[in-house]
Amino acid sequence: MSLRMITVNNNASLIQPGFSLMNFDGQVFFFGQKGWPKRSCPTGVFLFDVKRNQLKLKPALFSKDSCYLPPLRYPATCTFQSSLESEKVQYIIHGGKTPNNELSNKIYIMSAICKNNKKVTFRCTEKELVGDVPEARYGHTIDVVYSQGKSRCVIFGGRSYMPSAQRTTEKWNSVIDCSPYVFLMDFEFGCCTSYTFPELQDGLSFHVSIARNDTIYILGGHCLTHNSRPPSLYRLKVDLPLGSPAVSCTVLPGGVSISSAILTKTKSNEFVIVGGYQLENQKRMVCNIVTVEDNKIEIQDMETPDWTPDIKHSKLWFGSSMGNGTVFLGIPGDNKQTMSDAHYFYILKCDGDDPVAEEQATFSCSQTSTEDPGDSTPFEDSEEFCFSTEINSFDGDDDIDTYNENDEEDESETGYWITCCPTCDVDINTWVPFYSTELNKPAMIYCSHGDGHWVHAQCMNLAEQLLIRLSEGSSKYFCNEHVEMARGLQTPKKILPLKRTPLKPLRKKAPVKIITPAKKSFFRKLFD
């Protein structure tokens, strides 16, 4: 095993935990940038061009009949061939997170349809799912099995958000283990069927899966319910006769306690497991070689590479398999660097061959990515930094960069890092905890005006106790910008008419008689 450090010449900020690498005919492509694709690279897919320890990301092309492929992070990916003898390789992409932190349950098929002038044109299609459709998730695996001339996709594990009825403003993005169902999908028609087995009692995430012919081996993983990494090893066998498929599950001895590891294929029946975590805050520096033959699997320790001091001392690492027994690794840079989010990158060769010079070799999939450093709670697998257009738009010199890295600085319009109001000053680079309930993301509250939107509790000048009280109740909340407007939309309260007491009638006074001087003289004479 050999380890060498490489330098990223451009767009280094795109390489964040959760990305995927895909190998098409010896060329490696990067998928899963942190933000939405910009005008300068509408596809969000880049050629991973490595020459003389220098890495350069070059925008890739898609055909006009391709569907839109969002920049999913932490998806499950695997290769697919129409048959074991077929040389044409496609990639299946399922699940993952969008830049809005929304989970996807869609399945995409990505294939290379044209290679011209050192540029590859891709076609991406979306498969409709019917039947027992697996819920949106991440941290899972997808594999393809072949039996009796037919093929099926197998989806297992992962995590999903807590049901909406149980989510509050304070824990609106809490995650739970998905149910331990095994989903079998007819790749041609998109029909899904779920299976349950008594051997699978708990959901597992960030495990390793190895597929060979009609058998899948599931190794390790993290159980969020018990916060454990059981040394589990399961064998799923799928038989595809003319009738209904037959799926069986067997528990095997010799498992390994590991999560969030990278799996790369070195030979037709040999794989290498790199890194991962053995405890919630301890990396697993040991590498394993896995040999699969028929219904037998053997896991052995192998000689580890000469890890650099930076890798040894770093608490976090992430990466993906480049195919052909090669792994791309990244670790956070030190605080002395000018950019706080800079990383160091390495290429680890497990078989001593150069991946660029070799022809493509198909390899099994493993879920090699977990949460983003900024999106997670420390020391949980869902938060580990794991290993885990137009066709002519970019015509011209290959060395000319048409992608503007500065475009990635503006995040999406929803999620944590938003401008929630004109006076919002929450910034990913300067934010510090304000409430005691915050961990590493600002507290948010949902405004019910219109279609609704999220705002930062701090920007709304909410006291922490008030925030907690509002999140526990079911009453609607309106942000500072919409509260007056919302009041104007409220139905006025019914005002009862005033009860008027009738006034008492006034007594009629006798008319006042006026006595003139002549009458006075007359009365005097009369009484005299």
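Here is a guided walk through this predicted model, from the whole chain down to single residues.

Let us start with the overall picture. The chain has 528 residues, and 52% of them count as buried. Its secondary structure comes to four helices and 31 strands. The accessible surface of the chain is about 27,000 Å², with 51% of that area belonging to carbon and sulfur atoms.

With strands so well represented in the count, a sheet is a good place to look next. Five strands make up an open sheet with mixed pairing, and their order is β6-β10-β9-β8-β7. At the edges stand β6 (61–62) and β7 (76–80); each has a single partner strand, so one side of each is left without a neighbour in the sheet. Further in, β9 (residues 107–116) and β10 (residues 119–127) run antiparallel to each other and are joined over nine bridges. To find your bearings in this pair, look for Ala112, which stands opposite Phe122 in β10.

Two loop residues deserve a look for their backbone angles. Asn101 sits in the loop between β8 (90–94) and β9, and its phi is near 65°, a positive value in a residue other than glycine. Asp25 also has a positive phi, of about 55°, although it is not a glycine. You will find Asp25 in the loop between β2 (20–24) and β3 (27–31). How do their surroundings compare? Asn101 counts as buried because its relative accessibility is 14%, under the 20% cut-off. Asp25, at 47%, counts as partly exposed because that value lies between the 20% and 50% limits.

Moving along the chain, we come to Arg229, in the loop between β18 (215–219) and β19 (233–239). Is Arg229 buried or exposed? Arg229 is buried, with a relative accessible area of 9%. Its side chain has a polar contact with the side chain of Ser259, at 2.9 Å.

Now for the annotated residues. An unreviewed UniProt entry carries a "binding site" annotation that covers Cys420, Cys424, Cys447, His453, His456, Cys459, Cys479 and His482. We can follow two of these in the model. Cys420 is found in the loop between β29 (343–349) and β30 (444–447), and Cys424 is in the loop between β29 and β30 too. Cys420 is buried, at 8% relative accessible area, and Cys424 counts as buried at 16%.

Which residues touch Cys420, leaving aside its neighbours within four places in sequence? They are Trp454, Val455, His456, Cys459 and Met460. With the same kind of neighbours left aside, Cys424 is in contact with Ile418, Thr419, His456 and Cys459. His456 and Cys459 thus appear in both sets of contacts, and the UniProt annotation covers both of them.

Our last stop is helix α2 (residues 464–472), whose buried residues are Leu467, Ile468, Leu470 and Ser471. Seen down the axis of α2, these buried residues fall within an arc of 165°, so they line one face of the helix. The spacing fits a simple rule: an α-helix has 3.6 residues a turn, so residues three or four places apart point the same way. On the other side of α2, Gln465, Arg469 and Glu472 are exposed. What covers the buried residues of α2 includes β30, the strand that closes the loop holding Cys420 and Cys424.

Methods. Residues are numbered from 1 along each chain as its sequence is written. This is a predicted model: local features need pLDDT of at least 70, side-chain atom pairs count only at pLDDT 80 or more; totals for chains, interfaces and linings use all residues. Side-chain values use heavy atoms; hydrogens and water are left out. Buried means under 20% relative accessible area, exposed over 50%, partly exposed in between (1.4 Å probe, protein chains only). A polar contact is a pair of N or O atoms within 3.5 Å; within protein, one must be able to donate a hydrogen and the other to accept it, and residues adjacent in sequence count only if both atoms are side-chain atoms. UniProt positions are given in the numbering used here, feature names are shortened, and annotations may be inferred rather than shown by experiment. Contact means heavy atoms within 4.5 Å. The arc is that of the directions from the helix axis to the C-beta atoms. Accessible areas come from the Shrake-Rupley method with a 1.4 Å probe; for residues, only the protein chains shown count as cover. Two strands pair if DSSP finds at least two bridges between them.
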